[in-house]
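The following exercises concern the arrangement of two protein chains and two DNA strands. Each task is followed by a worked solution.

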Number of protein chains: 2
Amino acid sequence: MAERRPRKDAMRNRAAVFAAADALFAECPSPDGVTMADIATAAGVGKATLFRAFGDRTGLIRALYEARLEPLRKAVEEGPPPLGPATPPLLRVPALLDAVLCFKLDNRHLALALERTGADSPYDAEHYERWHALLRALLACVPGLDGSDFAAHALLAATRADLVEYLAAGKGRTREEMRAQLADFTARVLGAGAPPGTAGDG
Amino acid sequence: MAERRPRKDAMRNRAAVFAAADALFAECPSPDGVTMADIATAAGVGKATLFRAFGDRTGLIRALYEARLEPLRKAVEEGPPPLGPATPPLLRVPALLDAVLCFKLDNRHLALALERTGADSPYDAEHYERWHALLRALLACVPGLDGSDFAAHALLAATRADLVEYLAAGKGRTREEMRAQLADFTARVLGAGAPPGTAGDG
DNA sequence: GTACGATACGGACCAGCGGTCCGCTTTGAA
DNA sequence: TTCAAAGCGGACCGCTGGTCCGTATCGTAC
């Protein structure tokens, strides 16, 4: 076994850092307002500890984000409908997008920090690939929908963190308004191939 | 007269800075790799000149971007169809989005630099408001399309610079592939009312 | 309980960035 | 030619992400 369990204090510090970072990002209006030194101080650890544990700022944010995302990921991969795998595509796609939107609303600060963390494209993140691959596969089942690959990107782009932030904080959109609008848009994309008369709901 | 013409050297320097910055951003893979000092050196001016002329880094990038965008803006506001105002909405919307996509492809470096310029949201830029307002107005004419406001945001999000960069550079998509896919997607959004005579699927 | 090697800690430290300041040069009109 | 004002530019500053190394802590073998 090359695996060696980390020391207790290391684990405790890791948890403390997560908590502190989460709180700080939540408080601060702009992710850039939160420095690594801030996080270290708030967590009661030294700066070097952050970098040792997470590599760099991006690594810390990403780790935190993925940790928060974990429940949703699990619900999608092995949970019950409408998120889980047993759901038919035409229902699952809107459910997925709605879940992503809600997650971003609930974790705006983190999503924002992640998506604009310096030089890294948000599209390089592993979880994006996951969402995209899944969505693409589902869209491929939709009749008449050409280019499911791009459509998946486009639909996910509609839930970009800074757009969500802009609409929610800047434009005062409520959560339910945004959910309804995204659902409308999604239905529009999904439903164009349906023969007239069958796609009744609005 | 409150207006006083700027001095010759000031104008010449401004032009030199534009040229240098454009070239540097085009060369450098990441916008962050281009520093203000780099631009100043390449333009043959002092750093302070940059800040005096443009306020800060964001101001410089924004000014450069808007300058490059100017022809397109004009074409949209007073040009001939399919971009100009005389075009019926169902034709103009795809034309606009295609034009935006092409612009971002042609100016990837600038668009990327602008959209992730530190703390500023790309949605605060004036030109975004312009595009959105226009698109929204056009979408409002599309029968059966609820939520033209959000739909306009979502369609524009499909042309985000980092997505374009990701698809073009990372995934090797050609220009024409991307144009076609965006056109498909746009048509899908526009055409939920069953496009006449098309046997599209298959 | 104690001694000891490995592991992790943390604050001083560094390079590089955006942004500012002030003495000097250029400009253009009298 | 003169001269005031507009503009210039490189030294300078504060702050950031990131690193280093002496030191404290942990887990273990005795």
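The model is predicted.

**Exercise 1.** Determine the composition of the surface near DNA strand D, and identify which element gives its largest share.

*Solution.* Begin with the residues that surround DNA strand D: there are 22, and the closest are A:Ala48, A:Asp56, B:Val45, B:Gly46 and B:Ala48. Next, assign the surface to elements. Two or more residues come from each of α1 (8-27), α2 (36-43) and α3 (47-54) of chain A, and from α1 (8-27) and α3 (47-54) of chain B. The largest share, 4 residues, belongs to α3(B). Finally, sort by class: 8 residues are nonpolar, 4 polar and 10 charged.

**Exercise 2.** Carry out the analysis for DNA strand C: which element supplies the largest share of the surface near this strand?

*Solution.* DNA strand C is surrounded by 22 residues, with A:Val45, A:Gly46, A:Ala48, B:Ala48 and B:Asp56 the closest. At least two residues each are supplied by α1 and α3 of chain A, and by α1, α2 (36-43) and α3 of chain B. The largest share, 4 residues, comes from α3(A). The classes number 8 nonpolar, 4 polar and 10 charged residues.

**Exercise 3.** What turn and shift lay chain B on chain A, and through which surface do the copies meet?

*Solution.* A turn of 180° with a shift of 0.0 Å along the axis lays chain B on chain A, at an RMSD of 0.1 Å. This is the relation of a two-fold axis. For the interface, 91% of the interface residues of chain B are also interface residues in chain A; therefore the copies meet through the same surface.

Technical notes: Residues are numbered from 1 along each chain as its sequence is written. Chains are lettered from A and ligands numbered from 1 in the order in which they are written. This is a predicted model: local features need pLDDT of at least 70, side-chain atom pairs count only at pLDDT 80 or more; totals for chains, interfaces and linings use all residues. A residue is near a molecule or strand if its C-beta atom, placed from the backbone, lies within 6 Å of it. Ala, Val, Leu, Ile, Met, Phe, Trp, Tyr, Cys and Pro count as nonpolar, Asp, Glu, Lys and Arg as charged, and the others, Gly among them, as polar. Copies are superposed by least squares on the C-alpha atoms of residues with pLDDT of at least 70 in both. Two residues are in contact if their C-beta atoms, placed from the backbone, lie within 7 Å.
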